[in-house]
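Student: I have a protein model open and do not know how to read it. Can we go through it feature by feature?

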Amino acid sequence: MEKRVVFTHKALPLLLLAPQLLITIIFFFWPAGQAIWQSFFIESAFGGDSTFVGFDNYISLFNDPNYYDSFLVTIVFSTLVAVIGLGVSLVLAVMADRVIKFATTYKTLIIWPYAVAPAVVGVLWAFMFSPSVGTVAVYLSQLGIGWNPQLNSNHAMILVVMAAIWKQISYNFLFFLAGLQAIPKSLIEAAAIDGASPSRRFWTIIFPLLSPTTFFLLVINMVYAFFDTFAIIDTTTQGGPGSSTNILVYNVYKTAFKSFDYGSSGAQSVILMLIVIGLTIIQFRYIDRKVQY
């Protein structure tokens with residue numbers, strides 16, 4: 001028999017929802033509406049003066065080769081963060097699912113990075129890989145590797161990708177571990193009795209049953225790479241060297257608070273929002289069909 005919650009007062013559900021709705025409206029819908037409004041104006045850098053220009057800000061963006069470079073950097077960065085991050089997290093979750101001794105300690109150590117703020121993550125990784133005082137950079141130089149993310153664009157991209165993956169790996173690990181523990185052990189044992197090797201059991205039983213979790217994490221990691229890595233970029237490379245790590249969300253910040261072009265920044269925010277919405281729709285409509293629930 002299905003149990004349902006019945007509220008004696010009709011106003012009670014609204015009162016319970018009001019705090020979350022208020023936060024969503026103030027911190028999400030209101031800024032989004034302001035960005036859409038500003039994208040149709042050219043505003044003075046010091047405020048107080050604005051001119052309606054229609055879609056000129058959008059047209060200028062699509063005629064700017066630097067914006068296309070930022071778009072390409074974002075695609076490379078988000079793909080690397082999502083694919084490598086999910087792969088490493090899955091391996092760690094499989095290992096944790098098999099650990100018997102010190103399992104709690106192992107899981108706790110992997111979960112810890114999620115408690116670190118993104119800005120702190122960026123500072124830590126920038127310090128470790130600093131070409132002058134970084135511990136890791138010193139070891140790399142001893143191996144004959146001239147590491148310098150301040151001058152080498154490939155090194156800078158590797159640095160921000162590693163930092164972003166390290167920050168998100170705990171989140172992915174928790175979901176993968178929960179998914180692994182939810183798989184019936186009888187299926188795996190039956191496959192083992194039939195003579196299936198561990199790798200065959202993983203690819204034919206475990207991984208297909210993890211597809212809902214993998215699909216969910218793919219969407220979350222793409223959104224994370226597009227938006228939540230701003231602080232990591234800002235504290236490690238500031239979008240450099242040149243524009244090699246200048247992802248779209250960081251370009252929005254630079255345009256608004258360094259170039260003081262609020263109209264163009266608003267247009268970039270709208271485009272970025274539409275890109276993420278489009279990616280999410282595509283993933284749910286096409287990739288979701290291959291997910292086994």
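Tutor: Start with a rule. A salt bridge is a side-chain nitrogen of Lys or Arg within 4 Å of a carboxyl oxygen of Asp or Glu. Keep in mind that this is a predicted model.

Student: How many salt bridges does that rule give here?

Tutor: The count comes to one salt bridge. Asp-97 and Lys-185 are the partners, and their side chains meet at 3.5 Å, N to O. Asp-97 lies in helix α3 (residues 65-98) and Lys-185 in helix α8 (residues 185-193), so the pair ties together parts that are 88 residues apart in sequence.

Student: Are Asp-97 and Lys-185 buried or exposed?

Tutor: Look at the relative accessible area. Buried means under 20%, exposed means over 50%, and partly exposed is in between. Asp-97 has 27%, so this residue is partly exposed. Lys-185 has 42%, so it too is partly exposed.

Student: Let me step back to the whole protein. What is it built from?

Tutor: Count the elements: the protein has 13 helices and two strands. For the extent, picture a box along the principal axes. The C-alpha atoms fill one of roughly 75 × 70 × 35 Å.

Student: How many of the residues count as buried?

Tutor: The share is 37% of the 293 residues. Now turn to the surface. The protein exposes about 17,600 Å², and carbon and sulfur atoms supply 69% of that area.

Student: And the charges? How far apart are the mean positions of the positive and negative ones?

Tutor: Take the mean position of each kind, then the distance between the two means. With 15 positive and 13 negative charges, that distance is 17 Å.

Student: Where is there a nonpolar patch on the surface?

Tutor: Look for nonpolar side chains that are accessible and lie together. Here the patch includes Leu-17, Leu-21, Ile-25, Phe-28, Phe-29 and Trp-30. Its residues have about 1,100 Å² of accessible area together. Take Phe-29 as the example. Phe-29 is found in helix α1 (residues 11-38). Its relative accessible area is 58%, so Phe-29 is exposed.

Student: Now a contrast. Is Leu-248 buried or exposed?

Tutor: Apply the cut-off again. Leu-248 is at 4% relative accessibility, so it counts as buried. Leu-248 is found in helix α12 (residues 248-257).

Student: Which residues is Leu-248 in contact with?

Tutor: Set aside the neighbours within four places in sequence. Among the contacts left are Tyr-67, Phe-71, Phe-226, Leu-272 and Ile-275. For the protein as a whole, take the contacts with a separation of 6 or more. Residues 24 or more positions apart account for 67% of them.

Student: How do I set distance in sequence beside distance in space?

Tutor: Read both values for one pair. Leu-248 and Glu-43 are 205 residues apart in sequence and 21 Å apart in space, C-alpha to C-alpha. Try another pair. Ile-277 and Phe-27 are 250 residues apart in sequence, with 18 Å between their C-alpha atoms. Ile-277 lies in helix α13. At 41% relative accessibility, Ile-277 counts as partly exposed.

Student: What about the backbone? Which peptide bond is cis?

Tutor: Read omega. The bond from Gly-240 to Pro-241 is cis, with omega near -5 degrees. Pro-241 sits in the loop between α11 (230-236) and α12.

Student: And phi? Where is Gln-238, and what is its phi?

Tutor: Gln-238 is in the loop between α11 and α12. Its phi is near 50 degrees, a positive value in a residue other than glycine. Gln-238 is partly exposed, with a relative accessible area of 40%.

Student: What is the phi of Phe-260?

Tutor: Phe-260 has a positive phi of about 60 degrees, although it is not a glycine. Its place is in the loop between α12 and α13 (262-287). Phe-260 counts as partly exposed, at 40% relative accessibility.

Definitions and conventions
Residues numbered from 1 in each chain as written. Predicted model: local features only at pLDDT ≥ 70, side-chain atom pairs only at ≥ 80, totals over all residues. Heavy atoms only, no water. Helix = DSSP H or I, 4+ residues; strand = E, 2+ residues; numbered from the N terminus. Buried < 20%, exposed > 50% of the residue type's maximum accessible area, 1.4 Å probe, protein only. Contact = heavy atoms within 4.5 Å. Areas by Shrake-Rupley, 256 points an atom, 1.4 Å probe, with all protein chains shown as cover. Lys, Arg positive; Asp, Glu negative; His and termini not counted. Charge placed at Lys NZ, Arg CZ, Asp CG, Glu CD. Patch = residues over 30% accessible without salt bridge, like charges linked within 9 Å, V, L, I, M, F, W, Y side chains within 5 Å.
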